[in-house]
Structures are given as structure tokens and as C-alpha cells.
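Please open the model in your viewer with the sequence panel beside it, and keep a selection tool to hand. The stops below can be followed in order, each beginning with something to select.

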Amino acid sequence: MDFPERFANLPDYAFPRLRALLDGHAPGGDVLHMSIGEPKHPFPVWVSSIISEYAHEFGKYPPNEGTPELRAAIAGWLQTRYGVTAAPDTQVFPLNGTREGLFNACLALCPETKGGKTPVVLIPNPFYQVYTVAAQAVGAEPVYLPATAETGFLPDIAGQPAELLDRTAIVYLCSPSNPQGAVASRAYWAELLALAEKHDFRIFADECYSELYRGAAPAGAMQVAAETGADPERVVVFHSLSKRSNLPGLRSGFAAGGPGCIARMQQLRAYAGAPLPLPLQRVAERAWADEAHVAANRALYGEKFEIADEIFGDVPGYRPPEAGFFLWLPVADGEAATLKLWQETGVRVLPGAYLGRDAPGGNPGQGFIRVALVAPREDTRRGLKAIRRCLYA
Ligand SMILES: Cc1ncc(COP(=O)(O)O)c(C=O)c1O
């Protein structure tokens, strides 16, 4: 029997490609992983005790729409963080992390056609890879928009032809962005919301790095929608405890947006989803209600960003990231630099091209490496110094 063609042209995922690039070569020093964006700072101490306290609830099926307590905690956080009033019962939807939500939202909300044509899903390039499989899964056409130095490391959506925007059903926008650490300003969101209204599309705002900022807290899409009086159905935001609370293995996040969007996402998930186990929802409830651990986490990244600025401050093209936990460092060729670094120092980073797609102007990640600042501070310092010596001597 045949296999589907739908995903046949997907390139290998970034990490198998990295293994294929490096694993045939010996590391040139103590191995240091700076390739994967897996948070390594400690998660809050109360996580384990909450799980044991509620362990008996593993004996129950969790409700699809999340517990009322978790939804209330999330709505409370949206209010405190963004000044946004979201109805806990109709506008907030707990998820198993943001990745599945970013995928399933496309299934639930992308129409089959737009103006009689195949709908377009706009995706920043480079990007978090789930956006493209979501577009392909629904038979939409993914269109990759360069997010480069020339465009402030965010896609220039306003600059696209009206014909393309008219065909657009969904725009994925990651702010703070992975990999570049760029933050969409209020003005950027406001313009995008106005375009969404004019050309009738929805915005999926991937805001999972929203709490790892330097300086001022980034504005959020739902916040700007509320402030500008935009239709709440134009935007779905996605948030996670993976980065904010160092709980990537908890698999907990949420979507929030207009009641129409959320109801359709809930309906699909009632059939096909796997809600977060109840004891883990209890942990999530506590994590959204506590800011102390988030501030401490942010401070640890702040120290590492300072170290990065000291080490790379005079490298031409170095741009201190505004948020997130990655450096997006310019090099002549990302794959060659990654291999050289591995062979000469044992430091493992990711070629930027593995996060991008070939596009008419080339792959915008080609001249970059992505460096994750997740290791402890002194390991991070050692790794960054090795990168500096090896690639920018
Ligand atoms: C940009 C971006 N979006 C979404 C995710 C998914 O995170 P999670 O599913 O753990 O919330 C990640 C994880 O690395 C990410 O970098």
C-alpha cells in the first residue's frame, strides 16, 4: 500500500541533520551542547510535591477543556501580564505545550479555500518547524517570508502584494522569535492586526519566549488586539511553561483567543486530543500564578546575555538578542562553521540553514549559527569564548 505524498518533500528535521553533519567527526574538546533549546535551569521546587499530592488524580480522565482552576489561573496571568480580560471558560484553552496547539489550530481554523483558491499560510523564514507541517497537513500553501537583518528579523508582511495577502488564511508570527530573539513592537502587531482585518486572515502568535526578555516586557498580540479594539477572533496566542518555568517535560501550555476560534479548537481536541493529566494541570495552575520563579529564571538568562555581549560585542554583525535564549551569530557558512567548531572545540551548535527554507533570495539562515544559552553560566561562558576564538579570531 502507498504512503501519503503530503509530507514526502519534508527535509529531515534539524537534529538528525546535525547528527549526520557532526557524528562522523571526533569532537576537538570537552563536549558542550549549545544546539538544542532545552531549558536547563532548575524548575520550581514545589513541582514534585504537587504531583505527589494529586497523584490519585492519575486515576481519572482529565477534562478536555482543562480544569476550571487552571483556566482561571491562566486568565489571571493574562490579566496581570497584559491587562487582557479573557473569559476563562470560552477564551482560554490549556494544551500539552504549544507545539501541538500550533499544529492543531491550523487543522481547526484553516479553511479549505480562500476566495476560491488554495489558502496561503505565511511563515517567517527561518522559523519553528511545526508551522510548515501544519500548513501542509491542511493542504494550504506555505509561503516563507524572510526575517533577516533588512526586515528587523521579523517578516515584512505589510510589504507583501495584496493578491498574496488576500489568499492568506493564517500568519504564524513568533515573538520573541526563535531563532533571532527579535520582538514585535506594539506598532508591528497593530499593523498586522489591521492587515488581518483588511485581508481577512488570522494570526497565530507563538509567544512561548515572552517571559525571557531583557529590558521591558514584550507586548503581546492579544494585548495589542484589545488595546486597538481589534476583532478578538483575528488572533490566537500560544504560551508555554517550557521556557517560562523550565518545565519542557511537563508538556503544558495554552492557547487564548476569540471564543469562536477556541470553540473550534476545543471541538477538534475533544475527538483527537490527549488532555494534560490532572496532577500536571495542578502544577500548571501553580506555575501560572507564581512570578517569583520566572523573575529568577529571567535573571539567569540576563547574566548569560551580558556575557555574550562582552564576548561578541565587537564582532561585526553581532546583534544582542532582545529576548529568548538564543544567539543568532553571523558566519560565512553555517554548516562549515558548525563543523569547524565541533572538530576544534567540542562545542555543538546548529547551522542556521536547518531552521530556514530555500527561498528566492536563498536560505536566510545560511550565514548564521544558532547558539542556545541554556547551559549553566560558566559552561556557557566557556562555550562562547571557544566560539569566539574558533570562528572570530
Ligand atoms: C518558537 C517555538 N515555538 C514553540 C515551541 C514549542 O514549545 P512547547 O511545545 O514545549 O511549548 C518551541 C520549543 O522549542 C519554540 O522554540
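In which loop is the place of proline 179? Select the stretch between strand E5 (168-174) and helix H7 (186-199), since the loop between these two elements is where proline 179 lies. This is a predicted model, and the geometry described along the way should be read with that in mind. Show the backbone here and look at the bond that joins asparagine 178 to proline 179, which is a cis peptide bond with omega of about 15°. Most peptide bonds are trans.

Next, select asparagine 125 and proline 126, where the peptide bond from the one to the other is also modelled as cis, with omega near 5°. Proline 126 belongs to the loop that runs between strand E3 (120-125) and H5.

Keep proline 126 displayed and turn to the largest cavity, because Pro126 is among the residues that lie nearest its centre, together with Pro124, Cys174, Ser177 and Gln180. In total 13 residues line this cavity, and the space inside comes to about 50 Å³. Its lining is made up of 10 nonpolar and three polar residues, with no charged residue. The model holds three cavities of 30 Å³ or more.

Now select the ligand and colour the protein residues around it. Which residues come nearest to the ligand? They are Thr98, Asp206, Ser240, Ser242 and Lys243, out of 14 residues that surround the ligand. Three polar side-chain atoms deserve a distance label in turn. One belongs to threonine 98 and lies 2.7 Å from an oxygen atom of the ligand; another belongs to aspartate 206 and is placed 2.6 Å from a nitrogen atom of the ligand; and the one on lysine 243 is 2.7 Å from a ligand oxygen atom. Taken alone, the ligand would expose 400 Å², of which the protein buries 92%.

Switch to a cartoon view while keeping the ligand in place, and pick out helix H4 (97-109) and helix H9 (241-244), the elements that give two or more residues to the shell around the ligand. The largest share of that shell, four residues, comes from H4. Divided by class, the shell has five nonpolar, five polar and four charged residues.

Widen the view to the largest pocket, in which the ligand sits. The volume of this pocket is about 550 Å³, and 27 residues line it, with Tyr13, Gly37, Arg99, Tyr128 and Lys243 the closest to its centre. Lys243 may already be on screen, as one of the residues that come nearest the ligand. Helix H1 (14-22), H4 and H9 each supply at least two residues of the lining, and H4 gives the most, with four residues. By class, the lining of the largest pocket is composed of 14 nonpolar, seven polar and six charged residues.

From there, move to the second largest pocket, whose volume is about 170 Å³. Select Leu10, Pro11, Tyr13, Gln129 and Val133, which are the closest to its centre among the 13 residues that line it. Tyr13 is worth keeping highlighted, for it is also among the residues closest to the centre of the largest pocket. The elements that give two or more residues to the lining of the second largest pocket are H1 and helix H5 (130-137), with H5 contributing the largest share, three residues. This lining divides into seven nonpolar, two polar and four charged residues.

For the last stop, select asparagine 246, in the loop between H9 and strand E8 (253-257). Is its phi positive or negative? Phi of asparagine 246 is near 60°, a positive value in a residue other than glycine. Most residues other than glycine have a negative phi.

Definitions and conventions: Residues numbered from 1 in each chain as written. Predicted model: local features only at pLDDT ≥ 70, side-chain atom pairs only at ≥ 80, totals over all residues. Heavy atoms only, no water. 1 Å grid on protein atoms, 1.4 Å probe; cavity = no way out; pocket = protein on both sides within 12 Å on 5 of 7 lines; lining within 4 Å. Points joined across faces, edges and corners; volume = space filled by probe spheres on them. Nonpolar A, V, L, I, M, F, W, Y, C, P; charged D, E, K, R; others polar. Near = heavy atom within 4 Å. Polar contact = N/O pair within 3.5 Å; in protein donor to acceptor, adjacent residues only side chain to side chain. Areas by Shrake-Rupley, 256 points an atom, 1.4 Å probe, with all protein chains shown as cover. Sits in = over half its atoms within 2 Å of the grid points.
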